[in-house]
Amino acid sequence: MLWQLKKIWLINRKETKVFDDYCKVIANHTPEQEAEDIKAIALEINQEVAQKQKSVIMIELMSIVMADGTISAHEEMVSKAIGKSLNVSDNDQALIKDYVLGQQQGEFENDAVLSIDSSSSYSGKGRHLYRDDLDGVIVILYLASTDSFFFKYVGHTDVYLNSVPQKPGNINALAIGSLIRWGHADPVYYGDILSVFKKIDSSTRTSFEAINISYKFKNGRLGLREVNVNEESGNLIALMGASGAGKSTLLHVLNGNHRMEKC
């Protein structure tokens, strides 16, 4: 596992030759020397990257170690030592381990995990979003300590993250503004995910609903036709369209500046 940590760190810095030389040096290191190596590498990482990037490194490391679906006692011991050296908490390490190993819906039952699937009768202990036509499950891990989101998909649908096709089982950091889509289903926006984990408060939320809005200008030209709006407080809404599409007209009707009349 030690050489894997060094590999992640050096390849990210594009120093592959240094990595090759390092592998030759540590080939016969004792456990004591291995512990010192961990501290040395972690010290170098701690000096150069923020805690959020350390979470990414830990995810990458665990993904490599548990690629075969298991983790040996020695690997777990070393991974905990690495996590401690990188200031990754025991709780976050446990979340990462379960997240990497999970391969189906029932294995992601945690309040720090959001499952997105086509089950309309979800009864698990974690968080859930429903979307049509998804064969499998998209799983979002939230590490509150670093305010980081991670994406993983297990299934057979062609899923795209920011227009990039995703290989099932791969884990990626979820950047601000990310978009997840597949087929003709409604996309999953970063804001959708954020709102699941970060509710404004526990009080009753305000809902806004407008049904079949239509509007004609004084000259008889149709401005709006059967527009429907249904949202609740806490969500950021963007109104987009070409010039003359009716954006301002819709806002004027919604706020009462234009009186809606039957068309």
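Let's start at the hairpin of S3 and S4, where four residues sit between the strands and Asp147 takes a positive phi near 55 degrees. Keep in mind that this is a predicted model. The two strands of that hairpin, S3 (residues 136-143) and S4, pair in the antiparallel sense over eight bridges. Zooming out, the chain has eight helices and eleven strands, and 36% of its 263 residues count as buried.

**Strand S4 and its partners**

- Strand S4 covers residues 148-155, and eight of its eight residues are buried.
- Both faces of S4 are covered, with Ser148, Phe150, Lys152 and Val154 buried on one side.
- Phe149, Phe151, Tyr153 and Gly155 are the buried residues on the other side of S4.
- If you want to see the pairing with S3 on screen, look for Ile140, whose bridge partner in S4 is Phe151.
- S4 also pairs with strand S7 (residues 171-173), and here three bridges join the two strands, which run antiparallel.
- One pair to look for there is Phe150 and its bridge partner in S7, Ala173.

**The five-stranded sheet**

- S4 belongs to an open sheet of five strands, in the order S2-S1-S3-S4-S7, and the pairing is mixed.
- S2 and S7 are the edge strands, so to speak the ends of the row, and each pairs on one side only.
- From one strand to the next, the twist averages 20 degrees.
- Where does the parallel part come in? S1 and S2 pair in the parallel sense, over four bridges.
- In that pair, Asp117 stands opposite Tyr130 in S2.
- Helix H6 packs on this sheet and touches S3, S4 and S7.
- The direction of H6 makes about 165 degrees with that of S3.

**A buried serine in S1**

- Ser115 lies in strand S1.
- Is Ser115 buried or exposed? Its relative accessibility is 0%, and buried means under 20%, so Ser115 counts as buried.
- Leaving aside neighbours within four places in sequence, Ser115 is in contact with Gln105, Phe108, Arg127, His128, Leu129, Val137 and Ile138.

**Helices H4 and H6**

- H6 (residues 90-101) also packs against helix H4 (residues 51-65), at an angle of about 45 degrees and with the axes 10 Å apart.
- That angle makes H4 oblique to H6.
- H4 passes H6 in a right-handed crossing.
- Which residues of H4 and H6 meet? On the H4 side they are Met58, Ile59, Met62 and Ser63, and on the H6 side they are Gln93, Ile96, Lys97, Tyr99 and Val100.
- Sort the residues of this contact by type and you get six nonpolar, two polar and one charged.
- Here's a handy bit of background for reading helices: an α-helix has 3.6 residues a turn, so residues three or four places apart point the same way.

**The four-stranded sheet**

- Four strands form another open sheet, in the order S6-S5-S8-S9, and the pairing is antiparallel.
- S6 (164-165) and S9 (188-189) stand at the edges with a single partner strand each, so one side of each has no neighbour in the sheet.
- Strand S5 (residues 160-161) and strand S8 (residues 179-181) run antiparallel and are joined by two bridges.
- Tyr160 stands opposite Arg181 in S8.

**Helix H7**

- Helix H7 runs over residues 190-197, and its buried residues are Tyr190, Ile193, Ser195, Val196 and Phe197.
- What covers the buried residues of H7? The cover includes strands S1 (113-117), S2 (127-130), S3, S4, S8 and S9.

**Val227 and long-range contacts**

- Val227 is found in strand S11 (residues 222-232).
- With 22% relative accessibility, Val227 counts as partly exposed.
- Leaving aside neighbours within four places in sequence, Val227 is in contact with Ala210, Ile211, Asn212, Ile213 and Leu250.
- Val227 and Tyr215 are twelve residues apart in sequence, and their C-alpha atoms are 9.6 Å apart in space.
- For the chain as a whole, take the contacts between residues at least 6 apart in sequence: 48% of them join residues at least 24 apart.

Conventions. Residues are numbered from 1 along each chain as its sequence is written. This is a predicted model: local features need pLDDT of at least 70, side-chain atom pairs count only at pLDDT 80 or more; totals for chains, interfaces and linings use all residues. Side-chain values use heavy atoms; hydrogens and water are left out. Axes are lines fitted to C-alpha atoms, for helices over the stretch in contact, and angles run from 0 to 180 degrees between N-to-C directions. Angles under 35 degrees count as roughly parallel, over 145 as roughly antiparallel, 65 to 115 as roughly perpendicular and the rest as oblique. A crossing is left-handed if the near helix is turned anticlockwise from the far one by less than a right angle, and right-handed if clockwise. Contact means heavy atoms within 4.5 Å. Ala, Val, Leu, Ile, Met, Phe, Trp, Tyr, Cys and Pro count as nonpolar, Asp, Glu, Lys and Arg as charged, and the others, Gly among them, as polar. Buried means under 20% relative accessible area, exposed over 50%, partly exposed in between (1.4 Å probe, protein chains only). Two strands pair if DSSP finds at least two bridges between them.
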